[in-house]
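Work through the exercises below with the sequence and the model side by side. Each task is followed by a solution that goes step by step.

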Amino acid sequence: MRLDDPMGPEFSCRIMSVMSKQGIETIGQLRRNLEHLDKWRGLGKKSTKEIRDFFTYNDTDVDLWSTPEFQMYRLE
């Protein structure tokens, strides 16, 4: 999926600008370059956290039954 897709992630303008400068156009390209985020000029801690949080909450590899949110729901 492309980063500028209306159904895609809603990243801030700063993140989209940096991704454009780095030649990152898809979520797959961004995932493959996650280890380089700290080296890219223009991305601070907040922007890096926003990107990492996106992958934490939207990757399908996560077992939804073991997430902290589900565990809290079960305890209620």
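## Exercise 1: A tryptophan in a loop

A polar contact of 3.2 Å joins the side chain of Trp40 to the side chain of Gln22. The model is a predicted one.

Task: Find where Trp40 lies, decide whether Trp40 counts as buried or exposed, and list what Trp40 touches beyond its sequence neighbours.

Solution. Begin with the position along the chain: Trp40 belongs to the loop between α2 and α3. Next, take the relative accessibility, which is 10% for Trp40; because buried means under 20%, Trp40 counts as buried. Then collect the contacts, setting aside residues up to four places away in sequence: Trp40 touches Val18, Met19, Gln22, Ile24, Leu30 and Asn33. For one of these, Val18, a distance can be added, since the C-alpha atoms of Trp40 and Val18 are 7.7 Å apart in space although their positions lie 22 residues apart in sequence.

## Exercise 2: The nonpolar core

Task: State which residues of the largest nonpolar core touch the most other members, and which elements give two or more residues to this core.

Solution. The largest nonpolar core holds 15 residues, and those that touch the most other members are Met19, Leu30, Leu37, Trp40, Leu43 and Ile51. The elements that give two or more residues to this core are α1 (13–22), α2 (27–32) and α3 (45–58). As a worked case, take Leu30: leaving out residues up to four places away in sequence, Leu30 touches Leu3, Phe11, Met19, Ile24, Leu37, Trp40, Ile51 and Phe55. Trp40 from the previous exercise thus appears again, both among the core residues named above and among the contacts of Leu30.

## Exercise 3: The aromatic pairs

Task: Say how many aromatic pairs there are, and work out how each pair is arranged.

Solution. The count comes to two aromatic pairs. In the pair of Phe11 and Phe54, the ring centres are 5.2 Å apart and the planes stand at 70°, so this pair is edge-to-face, given that planes over 60 degrees apart are counted that way. Phe11 lies in the segment before α1 and Phe54 in helix α3, so the pair ties together parts that are 43 residues apart in sequence. The rings of Phe54 and Phe55 likewise have their centres 5.2 Å apart, with planes at 75°, so this pair is edge-to-face as well. Ring pairs therefore link Phe11, Phe54 and Phe55 into a cluster. As for cover, Phe11 is buried at a relative accessible area of 12%, Phe54 is buried at 17%, and Phe55 is buried too.

## Exercise 4: Polar residues in two helices

Task: For Ser47, Thr48 and Ser20, decide which count as buried and which as exposed.

Solution. Ser47 is placed in helix α3, and its relative accessibility of 9% makes it count as buried. Apart from neighbours within four places in sequence, Ser47 is in contact with Arg14 and Ile15.

Thr48 is also placed in helix α3 and counts as buried, with a relative accessibility of 7%. The side chain of Thr48 reaches the backbone oxygen of Gly44 at 2.9 Å, while the contacts of Thr48, not counting residues up to four places away in sequence, are with Leu37, Asp38 and Leu43.

Ser20 is found in helix α1 and is exposed, with a relative accessible area of 56%. The C-alpha atoms of Ser20 and Leu3, which are 17 residues apart along the chain, are separated by 9.6 Å.

## Exercise 5: The whole chain and its confidence

Task: Describe the chain as a whole, and find where confidence is lowest and where it is highest.

Solution. The chain has four helices and zero strands, in the pattern α-α-α-α. Of its 76 residues, 26% count as buried. The accessible surface is about 6,100 Å², of which 53% belongs to carbon and sulfur atoms. The mean pLDDT is 82, with 78% of the residues reaching 70 or more. Confidence is lowest in helix α4 (residues 68–75), at a mean of 66, and highest in α1, at 93. Where pLDDT is low, the predicted coordinates should not be read in detail.

Notes: Residues are numbered from 1 along each chain as its sequence is written. This is a predicted model: local features need pLDDT of at least 70, side-chain atom pairs count only at pLDDT 80 or more; totals for chains, interfaces and linings use all residues. Side-chain values use heavy atoms; hydrogens and water are left out. A nonpolar core is a set of buried Ala, Val, Leu, Ile, Met, Phe, Trp, Tyr and Cys residues joined through side-chain atoms within 4.5 Å. Buried means under 20% relative accessible area, exposed over 50%, partly exposed in between (1.4 Å probe, protein chains only). Contact means heavy atoms within 4.5 Å. A polar contact is a pair of N or O atoms within 3.5 Å; within protein, one must be able to donate a hydrogen and the other to accept it, and residues adjacent in sequence count only if both atoms are side-chain atoms. Accessible areas come from the Shrake-Rupley method with a 1.4 Å probe; for residues, only the protein chains shown count as cover. pLDDT is the predictor's confidence in each residue, from 0 to 100. Rings of Phe, Tyr and Trp (its six-membered ring) pair if their centres lie within 6.5 Å; planes under 30 degrees apart count as stacked, over 60 as edge-to-face and the rest as tilted.
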